[in-house]
Amino acid sequence: MIESIKGTRDILPPESELWRSAEAVARGIFAKSGYGEIRTPIIEDSALFIRGVGKDTDIIQKQMYSFTDQGQRNICLRPEATASVVRAYIEHNLHKTESIVKLFYCGTMYRSEKPQAGRQREFTQIGVEVLGSYSPYSDCEIIVLLDDILKALHVGDYQFKINSLGCEKDKEKFKGYLKQSIKKDVKKMCEDCQRRYASNILRILDCKNEQCRTILESLDIKHDYLCEECAADFNKITDTLKNENINFKKDPFLVRGLDYYTKVVFEVTAKGLGSQDAIAAGGRYNNLVKELGGPQTGACGFAIGVERLMAVAACDKIYQEKPLDLFLVCMNDKASQEAFYILHKLRLRGISCDMDYSTKSLKAQMRYADKIKAGFVIVIGENELTSRQGMLKNMKTGDQKQITLDKIAESLC
Ligand SMILES: [Zn+2]
Ligand SMILES: [Zn+2]
């Protein structure tokens with residue numbers, strides 16, 4: 001037997017219906033805030049992510065699904081969507097047509113990680129990107145949007161963590177401070193951190209190693225590396241979030257795993273997920289468009305991990321089960337032929353209906369109609385075919401009424 005690839009998973013009905021409902025909720029919220037959908041390819045030039053995400057990130061070092069295709073091109077399955085959206089933004093000259101471009105996406109991403117609870121090799125993200133805005137109110141907008149989605153999906157216990165890395169200059173200052181303060185302890189840190197110390201010191205801050213954590217927690221990190229403008233923007237954002245009653249706390253250790261972030265970054269964690277408790281994350285990335293060949297452009301966005309979201313969302317509260325309107329019970333092959341004809345006509349008129357395809361017994365077919373909670377049932381046999389009349393049974397009340405086979409639609413309305 002051929003099985004699905006490790007780290008991937010099938011989503012079957014009725015679970016897929018819950019997913020569809022959750023996506024519909026997000027889409028509705030995006031539409032009300034002026035976001036349009038972008039669909040980018042799953043395969044991209046590997047160079048896009050090496051340049052965009054950063055060489056010394058785990059994604060590029062360990063997790064990219066890349067391969068050389070028949071044309072000797074270096075291609076990969078997208079590990080995230082922001083770099084793709086930015087590529088599309090530049091490629092289609094969107095910066096020349098609109099001053100601010102607000103986009104959302106929903107799709108699968110790929111990372112070759114060790115599969116564990118809450119971590120898959122193929123996973124789904126819903127996210128937004130705002131391109132062309134330096135305004136702190138764009139940061140506020142996406143955070144409030146994300147909060148609206150979590151509330152609408154009845155996610156219980158969650159919290160935003162928020163931090164400002166500052167602009168490029170501030171980031172350098174902060175890196176310098178970290179280098180100084182960790183210097184004497186760096187030999188005691190894990191191998192990864194020793195490497196990061198030289199190549200990408202900010203990444204040390206989110207190391208999960210216990211020894212590293214102890215060293216980090218002794219550091220006194222204040223936001224005094226922020227320049228006046230970055231500090232003012234950070235204050236505007238936290239004030240606005242307070243006004244909007246967003247449950248957040250400042251976390252000076254929050255840096256996010258990707259190189260492209262500048263200024264404000266945030267993450268949402270939810271209770272009940274174990275160690276992989278981040279359900280969404282995002283931030284501002286004012287240098288990425290330029291890095292990928294476009295003009296200097298202010299931008300921010302977030303992505304939600306849909307698998308984890310589904311684990312904590314009470315989707316059943318928003319998903320309304322819609323059973324079939326009608327089930328046709330067929331007593332013989334001729335009845336099946338007639339039922340098939342009736343079914344198609346009814347479906348075209350917007351009535352949901354189905355029939356039995358396996359010539360089960362009358363009792364078995366009735367039991368099935370009951371199980372799928374069909375609203376009405378009609379039995380078609382020899383007599384019904386001759387008289388063109390049948391009994392329409394209301395499965396809720398048990399009431400029956402005689403109807404004409406050619407007028408089932410009218411009888412159901
Ligand atoms: Zn600054
Ligand atoms: Zn470490």
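**Group meeting: a walk through a two-zinc chain**

Hi everyone, let me start with one residue: Thr40 counts as buried, at 15% relative accessibility. Before I go on, please keep in mind that this is a predicted model. Thr40 belongs to the loop between β1 and β2. What does Thr40 touch, once we leave out residues up to four places away in sequence? Its contacts are Arg78, Ser84, Arg87 and Ala88. Of these, Ser84, Arg87 and Ala88 are among the buried residues of helix α4, so let me turn to that helix.

Helix α4 covers residues 82-91, and nine of its 10 residues are buried. Here is the list for those of you following on the screen: Thr82, Ala83, Ser84, Val85, Val86, Arg87, Ala88, Tyr89 and Ile90. As a reminder, an α-helix has 3.6 residues a turn, so residues three or four places apart point the same way. Which elements do the buried residues of α4 pack against? The partners are β2 (43-45), α2 (46-53), α5 (94-97), the strands β5 and β6, and α11 (288-291). Just after α4 you will find Asn93, with a positive phi of about 55 degrees.

Let's follow one of those partners, strand β5. It spans residues 101-110, and seven of the 10 are buried, so the rest of the structure largely encloses this strand. As for its neighbours, β5 runs parallel to strand β1 (residues 36-37), with two bridges joining them. Glu37 has Phe104 of β5 as its bridge partner. With strand β6 (residues 122-131), the pairing of β5 is antiparallel and extends over 10 bridges. One pair to look for there is Lys102 with Val130, the latter in β6. In a regular strand, side chains alternate between the two faces of the sheet.

Now for the metals, beginning with the zinc ion that is ligand 1. Which protein donors does this zinc ion (ligand 1) have? They are Cys167 (SG), Asp170 (OD), Cys227 (SG) and Cys230 (SG), at 2.0 to 2.3 Å from the ion. Why do we call the arrangement around the zinc ion (ligand 1) tetrahedral? Because the four donor atoms subtend angles of 95 to 125 degrees, and the criterion asks for all angles to lie between 85 and 135 degrees. Along the chain, the donors are spaced C-x2-D-x56-C-x2-C. Asp170 sits in helix α7 (residues 168-182) and Cys230 in helix α10 (residues 228-243), so to speak two distant parts of the chain, 60 residues apart, that this pair links. Buried or exposed, what about Asp170? Asp170 is buried, its relative accessible area being 3%. Cys230 also counts as buried, at 3% relative accessibility.

On to the other zinc ion, ligand 2. Its coordination comes from Cys190 (SG), Cys193 (SG), Cys207 (SG) and Cys212 (SG), at 2.2 to 2.4 Å. The site of this zinc ion (ligand 2) is tetrahedral too, with angles of 106 to 113 degrees among its four donor atoms. The sequence spacing of the donor residues reads C-x2-C-x13-C-x4-C. Here the pair linking distant parts of the chain is Cys193, in helix α8 (residues 191-199), and Cys207, in the loop between α8 and α9 (210-217), 14 residues apart. Cys193 and Cys207 are both buried.

That loop between α8 and α9 has another residue I'd like to show you, Arg203. With a relative accessible area of 9%, Arg203 is buried. How far apart in space are Arg203 and Thr57, C-alpha to C-alpha? The answer is 8.2 Å, although 146 residues separate Arg203 and Thr57 in sequence.

Let me zoom out to finish. The chain contains 16 helices and 16 strands. Its radius of gyration is 28 Å, well over the 22 Å that the globule rule gives for 413 residues, so the chain is more spread out than a compact globule. Along the principal axes, the C-alpha trace spans about 90 × 50 × 45 Å. Of the 413 residues, 49% are buried. Among contacts with a separation of 6 or more, 69% come from residues 24 or more positions apart. The chain exposes about 21300 Å², and 50% of that comes from carbon and sulfur atoms.

Thanks for listening, everyone!

Key
Residues are numbered from 1 along each chain as its sequence is written. Chains are lettered from A and ligands numbered from 1 in the order in which they are written. This is a predicted model: local features need pLDDT of at least 70, side-chain atom pairs count only at pLDDT 80 or more; totals for chains, interfaces and linings use all residues. Side-chain values use heavy atoms; hydrogens and water are left out. Buried means under 20% relative accessible area, exposed over 50%, partly exposed in between (1.4 Å probe, protein chains only). Helices (H or I, at least four residues) and strands (E, at least two) are DSSP runs, numbered from the N terminus. Two strands pair if DSSP finds at least two bridges between them. Contact means heavy atoms within 4.5 Å. Donors are N, O and S atoms within 2.8 Å of the metal (3.2 Å for Na, K and Ca); water is not among the atoms, so sites may look incomplete. Four donors count as tetrahedral if all angles lie between 85 and 135 degrees; four count as square planar and six as octahedral if opposite donors are over 155 degrees apart and all others between 65 and 115; anything else is irregular. The radius of gyration is taken over C-alpha atoms; the globule rule is 2.2 Å times the number of residues to the power 0.38. Accessible areas come from the Shrake-Rupley method with a 1.4 Å probe; for residues, only the protein chains shown count as cover.
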